[in-house]
Amino acid sequence: MAKHAVRVARMFDGERLVDGGVLVLLEDGRIVDVHRGRAEAPEGWLVREEPNGTVLPGLIDAHVHLCADAGPDALGRLAERPESDLDAVVEASLRLHLAAGVTTVRDLGDRRGAVLRWRGRGVRSDLPTVLGAGAPLTSVGGHCWSLGGEASGVDGVREAVRLRAAGGADLVKVMASGGVFTPGTDTTRPQFTDEELAAALTEAHDVGLPVTAHAHALSAVEQALRVGVDGIEHCTCVTAAGARVPDELADRLAASGVAVCATLGTDPAVVTPPEVVEMAARAGLSEAALRDGAATLQRAGVRLVAGSDAGLGPAKPHGILPETLVEYVVCGIPATAALASATSVAAEVCGLGRRKGRVSPGLEADLLIVDGDPTSDITALRRPLAVYRAGDLVS
């Protein structure tokens, strides 16, 4: 269909709710106009009516692992998985995201560039837009070392960044601290020196790539802020005493403008195995601490972006982003701020602000229609009625 329209009760345009009826006109993959009230569609245009629906920009999940199949130890098992399997896993992961209303994802850790190679074989308009970092840059034996991103020393990290740029990466992911799921790494300490992290940042910026840092340790968050990275993933601020985001640090993060992805959100139907709960607890990471940290960041005015860490394990399947936003609201984050973190804010953070993230004329027609008003009941995101990718109905 080259020309068609959707009529709904209301719209979240990426920043605010517009109530009282909305008609959105779609043509050749773009939004051509947005009318408020009971405007009539042009003659000959097919109109989809959803009397209790809300139209939103297609959601953006800014932290996924498309190569990981959401099974137990999904990232750890990747080292042994045949390369020939990975394309099918990536495409299955993307279909699950699309069914949940996610039309753009940012992959923050594949195995040796597998997602970038998959994308390089041709853009799929029937699947979400994919941004990718390739294999995460980590220390020797560091968090997710088995994905192929080990580097050491200033020259080593510079070379690692150049390799990612040559492979088509859209950004650089650096494991600035240890991680829960890599035995032998430390979630309370940085993995790189200031000089190494600064070298990675300088090299990345020289080739036009932003840098986001996986940082659980409080000292790694402080280091990332000191060096000036563009984004921080998790930002749990773990010390030997547990995980807590200090108010003073939250204020500095807000003043810096750095984008923070708290990676909340799990499948409520999945019971996390006791050994995983124990592993997280040893690292100081409890559900209450993670929620409290996200709330502290939001209160301070930190630039929060939504990302789920999808693919990591059974509790984080692909397509889980609606639960991330539900959990943001449970933390006390206003629903409009939570929705913006997965639409307009995420688009800006991902460098797509001129293409996506808002329901606005001229932008790509990536849209989600849900049953009900997610600004008053965020669980409406669990009830998708339609998903459009580049103007085509795909789910």
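**View 1. Ser 341, a buried residue of helix H11.** With a relative accessibility of 1%, Ser 341 counts as buried. This serine sits in helix H11, which covers residues 335-341. The model shown here and in every view below is a predicted one. Leaving out residues up to four places away in sequence, Ser 341 touches Leu 304, Val 305, Ala 306, Leu 325, Tyr 328 and Ala 346. It is also worth finding Asp 61 in this view: 280 residues separate Asp 61 from Ser 341 along the chain, yet their C-alpha atoms are 9.4 Å apart.

**View 2. The protein chain as a whole.** Before we zoom in again, here is the setting. The protein chain has 12 helices and 16 strands. Its radius of gyration is 20 Å, close to the 21 Å that the globule rule gives for 395 residues, so the chain is as compact as a globular protein of that length. Along the principal axes, the C-alpha atoms fill a box of roughly 65 × 45 × 40 Å. Of the 395 residues, 57% are buried. Looking at contacts between residues at least 6 apart in sequence, 70% join residues at least 24 apart.

**View 3. The hairpins of strands E1, E2 and E3.** Start with E1 (residues 3-12) and E2 (residues 17-27), which pair in the antiparallel sense over nine bridges. One handy landmark is Arg 10, whose bridge partner in E2 is Asp 19. Four residues lie between the two strands of this hairpin, and Gly 14 in the turn has a positive phi of about 115°. Moving on, E2 also runs antiparallel to E3 (residues 30-36), joined to it by six bridges. Here Leu 26 has Ile 31 of E3 as its bridge partner. The hairpin of E2 and E3 has two residues between its strands, and Asp 28 in the turn has a positive phi of about 50°.

**View 4. A three-stranded open sheet with helix H2 lying across it.** The strand order is E5-E6-E7, and the pairing is parallel. Strands E5 (59-64) and E7 (129-132) stand at the edges with a single partner strand each, so one side of each has no neighbour in the sheet. From one strand to the next, the twist averages 20°. Between E5 and E6 (residues 102-107), the parallel pairing runs over four bridges. To find your bearings, look for Ile 60, which stands opposite Thr 104 in E6. Helix H2 (residues 83-99) lies across E5, E6 and E7, and runs at about 135° to E6.

**View 5. Helix H6 and its packing partners.** Which residues of helix H6 (residues 218-227) are buried? They are Ala 220, Val 221, Gln 223, Ala 224, Leu 225 and Val 227. These buried residues pack against two helices, H5 (194-206) and H7 (247-256), and against two strands, E9 (211-217) and E10 (231-239). Just after H6 comes Gly 228, with a positive phi near 100°.

**View 6. The nonpolar cores.** In soluble globular proteins, nonpolar side chains tend to be buried together. The largest nonpolar core in this model has 85 residues, and those with the most contacts inside it are Leu 137, Val 229, Ile 232, Leu 253, Leu 297 and Tyr 328. Take Val 229 as a focus: leaving aside its neighbours within four places in sequence, Val 229 is in contact with Leu 197, Leu 201, Val 211, Ala 213, Ala 224 and Val 258. Apart from the largest core lies another, of 16 residues, among them Met 11, Ile 31, Val 359 and Ala 365.

**View 7. Two buried cysteines without a disulfide.** How many disulfides does the model hold, if two cysteine sulfur atoms must lie within 2.5 Å? The count comes to zero. Cys 235 is in no disulfide, and the nearest cysteine sulfur, that of Cys 237, is 4.5 Å away. With a relative accessibility of 2%, Cys 235 counts as buried. Cys 350 is in no disulfide either, and the nearest cysteine sulfur, that of Cys 261, is 9.1 Å away. Cys 350 is buried too, at a relative accessible area of 12%.

Notes: Residues are numbered from 1 along each chain as its sequence is written. This is a predicted model: local features need pLDDT of at least 70, side-chain atom pairs count only at pLDDT 80 or more; totals for chains, interfaces and linings use all residues. Side-chain values use heavy atoms; hydrogens and water are left out. A disulfide is a pair of cysteine sulfur atoms within 2.5 Å. Buried means under 20% relative accessible area, exposed over 50%, partly exposed in between (1.4 Å probe, protein chains only). A nonpolar core is a set of buried Ala, Val, Leu, Ile, Met, Phe, Trp, Tyr and Cys residues joined through side-chain atoms within 4.5 Å. Contact means heavy atoms within 4.5 Å. Two strands pair if DSSP finds at least two bridges between them. Axes are lines fitted to C-alpha atoms, for helices over the stretch in contact, and angles run from 0 to 180 degrees between N-to-C directions. The radius of gyration is taken over C-alpha atoms; the globule rule is 2.2 Å times the number of residues to the power 0.38.
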